[in-house]
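Colleague: Please take a close look at a single part of this model and choose one where the chain can be followed from one element into the next. I would like a connected account rather than a list.

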Amino acid sequence: MIFSKNRSLKHYQITFVSFLLLLFILGCSAMSRLTPLAVPTASATSTYTLTPSPTSTLTSTPTVTATATEIPTVCGGPRTMFILLVGSDARSNTYNVGLADAIRIVRVDFVEPGIQALAFPRDLYVEIPGIESRGITHGKLNQAFLYGNPGYGYTDDPDLGPGLLAETLELNFGATSDHYISVNLQTFVKAIDAIGGIDIDLPYVIDGRVRGSKDNNRYFPAGNQHLNGYRTMLLARMRPNGDLQRSEIQNLILQALAAKIVDQPIIPRIPELIKAFMGSVQTNITPAEIGKLACLATIVNVQVMEFVSFPDELFESGRVQDPVLGNTSIIKADFDTLKLYVQRFEAGNWDGQGGRDVEFTP
């Protein structure tokens, strides 16, 4: 993992770059239909379903077919770009403290233009490198982000929490990260409200209320519904049936976000959306890199935008005695097997065979 280093950017540049990156990832299909003089009209409501994909038996190394002539990249980009996306549970506009509530590696393909995002369960118990002097060698995956940010400052990595999380993902799973962007709860809520909320079709009831509670904000019936930023945030964080189900619902939310950008004129609202992100984003994306992403957005095929997860059967619940958390619940897995799936993902050979995909039909 080698992050691009460019800390000479002014604050407004970083914020603008971050916004454009999110716009690209969540709404690349909308941007591919836009020209500077045109505004798209709203299309019919999209339908989103969670569908299980068949599991596959992986070989020790991913299959890569050699070609006589290497296909050139588009937009002056690298062959692939890997971006670490983090949803932080920090409630303030800073990233001093806060766990990684959602963790995705995004694979951006500049050879066969497309995007895939792979979810990592936050409760995987992993080795966290470089903080042994603090008496910590292991922890939950989401703790690596916490320990790296200024509130704890357990690492001298200039990329702080995202840097330590990226190092942890590489050490345990061989996952590559070229760049990163993390968004906290306030930013997430403001961004959803700025686009007028999302429309989502849940495949089953999600009830996050405690016993005896009548808080309707935490109850989500099955079927179509419109959610504002606050309720979307609540839904994204709930895990009544465990962390794996939460990853599936988060994937569905990401698709609903993409659909909302597709289904409305987004260009006139860019200033409002930039304002919503102001001061609330961690990233190291540079203007040159966002230019390549924006170029790719004009040619990418929306049908190859995928949000994927590891197969559920690779994981099981467990408990460990953690030096910080005490006796705590974790997710256990064979990391060698997860590494093989990561290899397939990074090689562009996932093919919907690695778990539950969220299918996107514009």
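Modeller: A contact here means heavy atoms within 4.5 Å. By that criterion, residues 24 or more positions apart account for 73% of the chain's contacts with a separation of 6 or more. The model is a predicted one. Its chain has 362 residues, 53% of which count as buried, and it contains nine helices and 16 strands. The accessible surface is about 15,700 Å², with 53% of that belonging to carbon and sulfur atoms.

The part I have chosen runs from helix H2 through a loop into helix H3. H2 covers residues 141-148, and eight of its eight residues are buried, so the rest of the structure largely encloses this helix. The buried residues of H2 are Leu141, Asn142, Gln143, Ala144, Phe145, Leu146, Tyr147 and Gly148.

Glycine 148 belongs to H2 and has a relative accessible area of 1%; the cut-off for buried is under 20%, so glycine 148 is buried. Leaving aside residues up to four places away in sequence, glycine 148 touches Gly153, Thr155, Leu160, Gly161 and Leu164. Its C-alpha atom is 7.7 Å from that of leucine 165, although 17 residues separate the two along the chain.

Asparagine 149 lies in the loop between H2 and H3. Its relative accessibility is 0%, so asparagine 149 also counts as buried. With residues up to four places away in sequence again left out, asparagine 149 touches Tyr95, Asn96, Leu160, Gly161, Pro162 and Gln282. Leu160 and Gly161 are thus among the residues touched by glycine 148 and by asparagine 149.

Leucine 160 is placed in H3, a helix that covers residues 160-173. Most residues other than glycine have a negative phi. The phi of leucine 160 is positive, near 55 degrees. With a relative accessible area of 30%, leucine 160 is partly exposed.

H3 as a whole is mostly covered, with 10 of its 14 residues buried. Those buried residues are Gly161, Pro162, Gly163, Leu164, Leu165, Ala166, Thr168, Leu169, Asn172 and Phe173. The length of H3 fits a helix: at 1.5 Å a residue, its 14 residues should span 20 Å, and this agrees with the 20 Å between its end C-alpha atoms. After H3 comes glycine 174, which has a positive phi near 70 degrees.

H3 also packs against helix H9 (residues 335-346), with an angle of about 110 degrees between the two and their axes 9 Å apart. That angle makes H3 roughly perpendicular to H9. On the H3 side, the residues that meet H9 are Leu171, Asn172 and Phe173; on the H9 side, Phe335, Leu338, Lys339 and Val342 take part. Five of the residues in this contact are nonpolar, one is polar and one is charged. Asn172 and Phe173 therefore appear twice in this account, as buried residues of H3 and as residues that meet H9.

Another positive phi outside glycine is found elsewhere in the chain, at cysteine 75, where the value is about 60 degrees. Cysteine 75 is in the loop between strand E1 (47-52) and strand E2 (80-88), and at 23% relative accessibility it counts as partly exposed.

Key
Residues are numbered from 1 along each chain as its sequence is written. This is a predicted model: local features need pLDDT of at least 70, side-chain atom pairs count only at pLDDT 80 or more; totals for chains, interfaces and linings use all residues. Side-chain values use heavy atoms; hydrogens and water are left out. Helices (H or I, at least four residues) and strands (E, at least two) are DSSP runs, numbered from the N terminus. Buried means under 20% relative accessible area, exposed over 50%, partly exposed in between (1.4 Å probe, protein chains only). Accessible areas come from the Shrake-Rupley method with a 1.4 Å probe; for residues, only the protein chains shown count as cover. Axes are lines fitted to C-alpha atoms, for helices over the stretch in contact, and angles run from 0 to 180 degrees between N-to-C directions. Angles under 35 degrees count as roughly parallel, over 145 as roughly antiparallel, 65 to 115 as roughly perpendicular and the rest as oblique. Ala, Val, Leu, Ile, Met, Phe, Trp, Tyr, Cys and Pro count as nonpolar, Asp, Glu, Lys and Arg as charged, and the others, Gly among them, as polar. The expected span of a helix is 1.5 Å times one less than its number of residues.
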